[in-house]
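Welcome, and thanks for taking a look at this one. Please keep the sequence and the structure side by side as you read.

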Amino acid sequence: MNPTYLTPTAVRTGPFPVPVPAAVRFRAACPDCRGRFELAAGALRLAIGATSRTTFYTFTCPECAAPVRKPAGERIIELLTGGGVRTLRLHATP
């Protein structure tokens, strides 16, 4: 599995939700073309599932247009949600 290079270029911390400036960008890398770039929060999507296998983030590579899906651990979830990335919570059906 390719390493995850996602890191925020601006981070907001605190116990209360803080408005996120539009300038928040995340560094990412494409496993297909190996391009490295920065993405705005609107270019990423986070899906949080019941297990680590169903928790991931996605984006489209701006260099080769490949769809990219990478696993998201606790720290990545924290960074993405704090940075204003849209989140989808996946629920298991009984």
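Does arginine 45 count as buried, partly exposed or exposed? At 32% relative accessibility, arginine 45 counts as partly exposed. Please bear in mind that this is a predicted model.

## Arginine 45 and its surroundings

Let us stay with this residue for a moment. Arginine 45 belongs to strand E4, and its side chain reaches back to the backbone oxygen of glycine 42, at 2.7 Å. Leaving aside residues up to four places away in sequence, arginine 45 touches Phe56, Tyr57, Thr58, Val85 and Arg86.

One of these partners, phenylalanine 56, is 11 residues from arginine 45 along the chain, and the two C-alpha atoms are separated by 8.5 Å. Phenylalanine 56 also has an arginine over the face of its ring: this is arginine 69, at 3.6 Å from the ring centre.

## Threonine 55 in its loop

Just before phenylalanine 56 comes threonine 55, in the loop that runs between strand E4 (45-48) and strand E5 (56-60). Is threonine 55 buried or exposed? Threonine 55 is buried, with a relative accessible area of 6%.

Its side chain has a polar atom 3.0 Å from the backbone nitrogen of glycine 49. Not counting residues up to four places away in sequence, the residues that threonine 55 touches are Ala47, Ile48, Gly49, Pro71, Ala72 and Ile77.

## A cluster of rings

How many aromatic pairs does a search of the whole structure find? The search finds two. In one of them, phenylalanine 37 and phenylalanine 59 meet edge-to-face, at 5.9 Å centre to centre and with 75° between the planes. This pair links distant parts of the chain, with phenylalanine 37 in strand E3 (residues 36-40) and phenylalanine 59 in strand E5, 22 residues apart. Both partners are shielded: phenylalanine 37 counts as buried at 11% relative accessibility, and phenylalanine 59 counts as buried at 4%.

Tyrosine 57 and phenylalanine 59 make a stacked pair, with 6.3 Å between the centres and 20° between the planes. Tyrosine 57 is buried, as is phenylalanine 59. Through these ring pairs, Phe37, Tyr57 and Phe59 are linked into a cluster.

## Cysteines without a disulfide

How many disulfides does the count come to? The count is zero. Why is there no bond at cysteine 33? The closest cysteine sulfur to that of cysteine 33 is in cysteine 61, and at 3.7 Å it is too far for a bond, because a disulfide needs the two sulfur atoms within 2.5 Å.

Cysteine 61 has its own closest cysteine sulfur in cysteine 64, also 3.7 Å away and too far for a bond. As for their settings, cysteine 33 is partly exposed at 33% relative accessibility, whereas cysteine 61 is buried, with a relative accessible area of 2%.

## One face of helix H1

Now to the helix. Which residues of helix H1 (residues 74-82) are buried? They are Ile76, Ile77, Leu79 and Leu80. Seen down the axis of H1, these buried residues fall within an arc of 165°, so they line one face of the helix. An α-helix has 3.6 residues a turn, so residues three or four places apart point the same way.

Ile77 has already appeared above, among the residues that threonine 55 touches. After H1 comes glycine 84, whose phi is positive, near 90°.

## Positive phi outside glycine

Most residues other than glycine have a negative phi. Arginine 34 has a positive phi, near 60°. This residue sits in the loop between strand E2 (25-29) and E3, where arginine 34 is exposed, with a relative accessible area of 68%.

Alanine 65 also has a positive phi, near 65°. Its place is in the loop between E5 and strand E6 (67-71), and at 55% relative accessibility alanine 65 counts as exposed.

How values were computed:
Residues numbered from 1 in each chain as written. Predicted model: local features only at pLDDT ≥ 70, side-chain atom pairs only at ≥ 80, totals over all residues. Heavy atoms only, no water. Helix = DSSP H or I, 4+ residues; strand = E, 2+ residues; numbered from the N terminus. Buried < 20%, exposed > 50% of the residue type's maximum accessible area, 1.4 Å probe, protein only. Polar contact = N/O pair within 3.5 Å; in protein donor to acceptor, adjacent residues only side chain to side chain. Contact = heavy atoms within 4.5 Å. Phe/Tyr/Trp six-rings, centres within 6.5 Å; stacked < 30°, edge-to-face > 60°. Lys NZ or Arg CZ within 6 Å of the ring centre and 35° of its normal. Arc of directions from axis to C-beta.
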